[in-house]
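The following exercises concern a protein–DNA model and are each followed by a worked solution. Please examine the sequence and the structure before attempting them.

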Number of protein chains: 2
Amino acid sequence: MAEQISELLRKNQLSVTDNRKKILELFLQSDSALAHHDIEARTKEKFDRVTVYRTLQTFMDRGIIHTIPTADNSVKYALCKDSCEQGHHHDDHVHFICSSCGTTTCLEEIHIPEIKLPRGYKTKQTEVVISGVCKLCS
Amino acid sequence: MAEQISELLRKNQLSVTDNRKKILELFLQSDSALAHHDIEARTKEKFDRVTVYRTLQTFMDRGIIHTIPTADNSVKYALCKDSCEQGHHHDDHVHFICSSCGTTTCLEEIHIPEIKLPRGYKTKQTEVVISGVCKLCS
DNA sequence: ATATATTATGCAACTTTGTTGCAATTTTAG
DNA sequence: CTAAAATTGCAACAAAGTTGCATAATATAT
């Protein structure tokens, strides 16, 4: 995996640093989305808080991760495996938040339906976040 | 309007206070959603920050307002006129964020399509947030 | 209309979250 | 291996959100 991670960083023209490798590793190991807090908690003995903020921002800028909005002021971040492999970002899938276990996941196979807006509105991006009970909890 | 506001508070079994009246008035006067920050800014000469937090929480609990998730950690609150008139809460409409003027609005006439999830997932609520350019900006 | 009980508010102190500038370190490229 | 470029940690801040408690305002029952 170490090589896969370095590869991903190089492909995005980023220096390969311990911090970035560690954070990417966290995303690759996790099958659910991570909040800033989660990442900070799992890296704090090694890296500064500020570095985590900056790294997430950098990954966002390069399209390596994307955000998932939630209704409680707690943005989560996720790596879209497929998109990332291609090196460009498409974030047209549904996100799911389990109210039982609290995890947020990308349902990459469920794509977002087109929604017609009133005359005059122009759609750039549509976000769908479904909350309920996930496969494992039900 | 003053009477309409007091009525709404009483209907929800809430004491009618200056603070609550003022915040409800802000929502009724605004045709777009408000962030905590907006409300604080428009009431700070009169009311404490803490009171604003508590009032918004109370209104949430009673279903007078609902949150609109955004991808940048800035939850907005909106009064759903129709729902509130009925005294119960249904939040099944699309939300729109204009990337030009920054306003967030409820498109109450656009209802959310049903989205089929994989076997095992149970849907409780579906949130749709569309970003783009609004009627006024285009 | 008024006293009393109930509820809401303000204040102070605090925790958490996010930001910025700069010096020191690490990484990359030659 | 060295110089240039980029990243990181630190310190100091700013902003956002929380909690307990005394005071003030509102509602309720005479």
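**Exercise 1.** Determine what share of the atoms of DNA strand C within 4 Å of the protein belong to sugar or phosphate, and identify which residues come nearest to this strand.

**Solution.** The model is a predicted one.
Step 1: Sugar or phosphate accounts for 64% of the atoms of DNA strand C that lie within 4 Å of the protein, and bases account for the rest.
Step 2: There are 21 residues around DNA strand C, and Val16(A), Arg49(A), Arg20(B), Thr51(B) and Arg54(B) come nearest.
Step 3: Sorted by class, this surface has five nonpolar, nine polar and seven charged residues.
Step 4: At least two residues of the surface are supplied by each of H4 of chain A, helix H2 (18–29) of chain B and helix H4 (49–62) of chain B.

**Exercise 2.** State how far a phosphate oxygen of DNA strand C is from a side-chain N or O atom of Tyr53(A) and of Thr51(B).

**Solution.** Step 1: For Tyr53(A), the distance is 2.8 Å.
Step 2: For Thr51(B), it is 2.6 Å.
Step 3: Arg20(B) also places a polar side-chain atom 2.7 Å from a phosphate oxygen of this strand.

**Exercise 3.** Check the span of helix H2 of chain A, and explain how its buried residues are arranged.

**Solution.** Step 1: Helix H2 (residues 18–29) has twelve residues, so at 1.5 Å a residue it should span 16 Å; the end C-alpha atoms are 16 Å apart, in agreement.
Step 2: Asn19(A), Arg20(A), Ile23(A), Leu24(A), Leu26(A) and Phe27(A) are buried in H2(A).
Step 3: Viewed down the axis of H2(A), the buried residues fall within an arc of 150° and therefore line one face of the helix.
Step 4: The face turned away from that buried side carries the exposed residues Asp18(A) and Gln29(A).

Definitions and conventions:
Residues numbered from 1 in each chain as written. Chains lettered and ligands numbered in written order. Predicted model: local features only at pLDDT ≥ 70, side-chain atom pairs only at ≥ 80, totals over all residues. Heavy atoms only, no water. Helix = DSSP H or I, 4+ residues; strand = E, 2+ residues; numbered from the N terminus. Expected span 1.5 Å × (residues − 1). Buried < 20%, exposed > 50% of the residue type's maximum accessible area, 1.4 Å probe, protein only. Arc of directions from axis to C-beta. Near = heavy atom within 4 Å. Polar contact = N/O pair within 3.5 Å; in protein donor to acceptor, adjacent residues only side chain to side chain. Nonpolar A, V, L, I, M, F, W, Y, C, P; charged D, E, K, R; others polar.
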